[in-house]
Amino acid sequence: MTNTSVDPETKKVNSAKGRRDGLDLIQMWKLDKEERGASYKYVWNNSDFNAIDPFKTDYLLGLFQQDHLDYELERDQSDKGEPSLPELVRKAIQILSKNDNGFFLMVEGGRIDHGHHDGKAKKALYETLSMEDAVREAVALTDEKETLIVVTADHSHVFNIAGYPKRGNDILGVVDPLFRQWYPLDGKAYTTLLYANGPGFNTSGSGRTDPLEEVDDLHDKDYVRNSGVPLKSETHGGEDVAIYAKGPMAHLIHGVQEQHYVAHVMAYASCVGLNKDHCRQTNTASSLHNNFINSCFILLYSLVYSIIL
Ligand SMILES: [Zn+2]
């Protein structure tokens, strides 16, 4: 049995690294809901999270780690562990969709970014798969006629799928020497997945390790891919990122746009902000859409390339 009465992480915060202002924000959140007579739950492990009845809970605060959630590949799935991104999305939508006035939900698959910074492509890709499952949950639990779902990235990484691997080549493996169009000038094998910069550069050797000779298992979640410039942490990239939309006003998301445009689309589609005239119309095709909008949902992720894998 899991002891769900004491959160060891909260205890840690309250002792060694507590807030300097001494505020207990969790307690304050609880008191606020108490005073308003609302149904609420605060949870910090799988056991309590899974026990929540979303149809009897109006407010839910889940704090499962001191810092970021674990990588999906390292997540503790036991009762004392933490929920996955799709599980979190499912519970959030079940709770929020009870509101007749609609809802706004923002979800970030934040660890895609961290996997890349460490040059650990496998971790980043599995985080992306988790994000894909989260999007699938959101699509399944909402109605396309009334919910706008937007999926995008805040930036890319200097991550490459390159080297002319043959069709069907292991995405985590090396490019088959027989199919290499150009033989590497240093004679070493190379993987399809590479970084332009980051920790995968051997400054004491010839620049890069040979994946065939020096790495036992390219499928290890902690294998650091070769990089072209030695940096402690791989960096973000500067190219355009993809954005996908589904639901009311999704037609406004197309082509190349500045980032701030996305926020305006969501406000416009949700009938909030300054431009609400279209929400009051009753006899045009576009107003037909807006009359049905009662929810707006956005998913964020941090790497555009991974969605094609
Ligand atoms: Zn980052």
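This report describes the overall make-up, the zinc site, the aromatic contacts and the backbone of one protein model.

The model is predicted, and for that reason local features are reported only at a pLDDT of at least 70 and side-chain atom pairs only at pLDDT 80 or more, while totals for chains, interfaces and linings use all residues. Residues are numbered from 1 along each chain as its sequence is written, and side-chain values rest on heavy atoms, with hydrogens and water left out.

**Overall picture**

The protein has 10 helices and 11 strands, where helices (H or I, at least four residues) and strands (E, at least two) are DSSP runs numbered from the N terminus. Of its 309 residues, 40% are buried; buried means under 20% relative accessible area, exposed over 50%, and partly exposed in between, with a 1.4 Å probe and protein chains only. Among contacts with a separation of 6 or more, 69% join residues 24 or more positions apart, a contact being heavy atoms within 4.5 Å.

The mean pLDDT, which is the predictor's confidence in each residue from 0 to 100, is 84 for the protein, and 82% of the residues score at least 70. Confidence is highest in helix 3, at 98, and lowest in helix 10 (residues 285-292), at a mean of 40. Residues 283-297 have a pLDDT below 50, and this stretch has 45 contacts in the model beyond near neighbours in sequence. Residues 299-309 also stay under 50, with 49 contacts beyond four places in sequence.

**The zinc site**

The protein donors of the zinc ion are Asp-113, listed twice through OD, together with His-117 (NE2) and His-236 (NE2), at 2.0 to 2.4 Å; donors are N, O and S atoms within 2.8 Å of the metal (3.2 Å for Na, K and Ca), and since water is not among the atoms, sites may look incomplete. The 4 donor atoms subtend angles of 57 to 151°, so the arrangement is irregular. Four donors count as tetrahedral if all angles lie between 85 and 135 degrees; four count as square planar and six as octahedral if opposite donors are over 155 degrees apart and all others between 65 and 115, and anything else is irregular.

Along the chain the donors follow the spacing D-x3-H-x118-H. Because His-117 lies in helix 5 (residues 111-117) and His-236 in strand 9 (residues 236-237), this pair ties together parts that are 119 residues apart in sequence. His-117 is buried, at 17% relative accessible area, whereas His-236 is partly exposed, at 37%.

**Aromatic contacts**

The structure holds 3 aromatic pairs, and two of them are tabulated below. Rings of Phe, Tyr and Trp (its six-membered ring) pair if their centres lie within 6.5 Å; planes under 30 degrees apart count as stacked, over 60 as edge-to-face and the rest as tilted.

| Pair | Centre distance | Plane angle | Type |
|---|---|---|---|
| Phe-49 and Phe-64 | 5.9 Å | 80° | edge-to-face |
| Phe-159 and Tyr-195 | 5.1 Å | 35° | tilted |

Phe-49 in helix 3 and Phe-64 in the loop between strand 2 and helix 4 are 15 residues apart, and both are buried. Phe-159 and Tyr-195 are buried as well.

The charged end of Lys-91 sits over the ring of Phe-49, 4.9 Å from its centre; this requires NZ of Lys or CZ of Arg within 6 Å of the ring centre and within 35 degrees of the ring normal.

**Backbone**

Tyr-164, in the loop between strand 6 and strand 7, has a positive phi near 55°.
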